[in-house]
Amino acid sequence: MPQFPTASYPLARPRRLRRTPALRAMVRETAMTPDNLIWPIFLQAGRDEESAIASMPGVTRRTVDRAVKAAREARDLGIPAMCLFPYTGIESRTEDCAEAWSDDNLTNTAIRAIKDAVPEMALMTDIALDPYNINGHDGFVEDGEIVNDRTVEALVKMALAQARAGADILGPSDMMDGRIGAIRAALEAEGHGHVSILSYAAKFASAFYGPFRDAVGASGALKGDKKTYQVDPANPREALRMVARDIAEGADMVMVKPGMSYLDLCRRAKDEFGVPLFAYQVSGEYAMIEAAAQNGWLDGDRVMMESLLAFRRAGCDGVLTYFAPRAARAMAG
Ligand code: PBG
C-alpha cells in the first residue's frame, strides 16, 4: 500500500471545479433567466415622448405609445411581465383621489393599449392612492391621519377599474389593513376571479424610495412620512406576519420591498410560506448602482447581475427591477 502524506497537500481542492467556464457552469447552483424579471415602467400623459428622471439615470417616463413600444421590446427580450406606474403632476392631484379609479386614467389606458398590441405580456399594476393624492400619501388623510377603512374602499374601486382594463396582476402597495381580503372579495363578486394579487406584503418604511417619488411626482407632494402604515425596518417578525396575513386574505404571490437590504426576509418568507415570492429592487437601489457606475467606481453591468443573482439565491422567484431590459440583454450574451 503506497502511503499518501496528508500534510503536504490539501485534502480537498475546490478550485478544481472553478478552473474553466464549463466546469463552473456544471456546478452553478442558482439560475437566472428573463423569466425571473418584472419590469416596472413609468407613464406620463402626451404623445410620442419620453422624459428623463434625474435621480434614475437611464430610466424614463413614457407616454402610452412609448409604453407599447417598451412592451414589444420586453416581449422580444423574453421578459414575461411589466408593472405600470403613472406620473401625476401636482396640478392633477386631489384630496378625493378620484382619478385613481377612473377607467380612463393613464394606467388603465396603458393597460388597454399594451394588451391590444402585446396580449401575451403579463401586466401588473400598483394599488395605492399616492400618485393621485394631493398629500402624496397612499391613503386618505383626515386631520393629519392616514385613515384605513375609507382608503380600503377607494383601493377596491381602483382594483376593479384595473381589472376591467385587463390587468393580470394587481399589486396593492398601500399597506392598509384588510385591503387584500376586500379586493379579493370584490374581484370575485364582479367576475374577475381570474385576476391575481401580488401583495406588497413585507413593505418597509424605507428611505430607498426617494427617486421613485421624483419619478411619479410625489416628492413635492408628500407631507410627513409613511411610518404609520409601512413596516419599521427593524421588524422582521412583523413583516413575516404581514406575509402570513396577506396570503390568508387571498394574495397569490407576495413581495419583499426594498430588496437588497432585506434579503433575510426573502429567505425567511420563502422557507416559511413557500408561495411565489418576489423582491422589489427599488429606485434607490437602482440609483446607487448607477451613480457608482457613472463615476467609474463600480462595473455597473457586473454589479447589476450580481445583485439580481442575490435575490434568486435568497429564494425569490423573480425581481421587479428597473434593470430588467438591460439584464435580459446581458443574459442573452
Ligand atoms: C407607492 C409605491 C412606492 C414604490 C412603489 N409603490 C413608493 C412609496 O411607498 O412611497 C417605490 C418603488 C421604488 O422606490 O422603486 N405606494
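The following paragraphs describe the ligand surroundings, two annotated lysines and selected helices, strands and loops of a predicted model.

Twelve positions make up the ligand surroundings: Asp126, Ala128, Asp130, Asp138, Ser173, Asp174, Tyr209, Phe212, Arg213, Lys226, Val282 and Ser283. By character, the shell around the ligand contains six charged residues, four nonpolar ones and two polar ones.

The UniProt record, an unreviewed entry, assigns the feature "active site" to Lys203 and Lys257. The two positions are spread over 55 residues of sequence, yet they cluster in space, with a largest C-alpha distance of 4.9 Å. Lysine 203 belongs to strand β9, which covers residues 196–203. Lysine 203 has 26 other C-beta atoms within 10 Å and is therefore buried, the cut-off being 20 or more. Beyond its neighbours within four places in sequence, lysine 203 is in contact with Ser173, Met175, Gln230, Val231 and Lys257. Among these contacts of lysine 203 is Ser173, and Ser173 is also one of the residues around the ligand.

Lysine 257 is part of strand β10, residues 253–257. Lysine 257 counts as buried because 24 C-beta neighbours lie inside 10 Å. When residues up to four places away in sequence are not counted, lysine 257 touches Tyr200, Ala202, Lys203, Phe204, Ala279, Tyr280 and Val282. Val282, one of these contacts of lysine 257, is likewise listed around the ligand. The bond from lysine 257 to proline 258 is a cis peptide bond, with omega at about -10°. Proline 258 sits in the loop between β10 and α8 (263–273).

Helix α9 comprises residues 283–294. Its 12 residues should span 16 Å at 1.5 Å a residue, and the end C-alpha atoms are 16 Å apart, so expectation and model agree. Buried residues of α9 are Ser283, Gly284, Glu285, Tyr286, Ala287, Ile289 and Glu290. Ser283 is also among the residues around the ligand. The cover over the buried residues of α9 includes α6 (210–215), β11 (277–281) and α10 (300–313). Glycine 296 follows α9 and has a positive phi, near 80°.

Positive phi values also occur in residues other than glycine. In cysteine 97, phi is near 55°. Cysteine 97 lies in the loop between β4 (81–86) and α3 (106–117). Cysteine 97 is buried, because 25 other C-beta atoms lie within 10 Å. In aspartate 143, phi is near 50°. This aspartate is found in the loop between β6 (141–142) and β7 (145–146). Aspartate 143 is exposed, because it has just 5 other C-beta atoms within 10 Å, and the cut-off for exposed is 12 or fewer.

Strand β4 is largely enclosed by the rest of the structure, because six of its six residues are buried. In a regular strand, side chains alternate between the two faces of the sheet. In β4, Ala81, Cys83 and Phe85 point one way, while Met82, Leu84 and Pro86 point the other way. Residues on both sides of β4 are buried. Strand β1, residues 37–43, pairs with β4 in the parallel sense over six bridges. In that pairing, proline 40 stands opposite cysteine 83 of β4. Strand β5, residues 122–124, also runs parallel to β4, and three bridges join the two. Here alanine 81 stands opposite alanine 122 of β5.

A further position of interest is aspartate 65, in helix α2 (residues 64–77). Aspartate 65 counts as partly exposed, because 15 C-beta neighbours lie inside 10 Å. Aspartate 65 and alanine 113 are 48 residues apart along the chain, and their C-alpha atoms are separated by 7.8 Å. Leaving out neighbours within four places in sequence, aspartate 65 is in contact with Arg47 and Asp48.

Definitions and conventions: Residues numbered from 1 in each chain as written. Predicted model: local features only at pLDDT ≥ 70, side-chain atom pairs only at ≥ 80, totals over all residues. Near = placed C-beta within 6 Å. Nonpolar A, V, L, I, M, F, W, Y, C, P; charged D, E, K, R; others polar. UniProt positions renumbered as here; feature names shortened; annotations may be inferred. Helix = DSSP H or I, 4+ residues; strand = E, 2+ residues; numbered from the N terminus. Contact = placed C-beta atoms within 7 Å. Expected span 1.5 Å × (residues − 1). Pairing = 2+ DSSP bridges.
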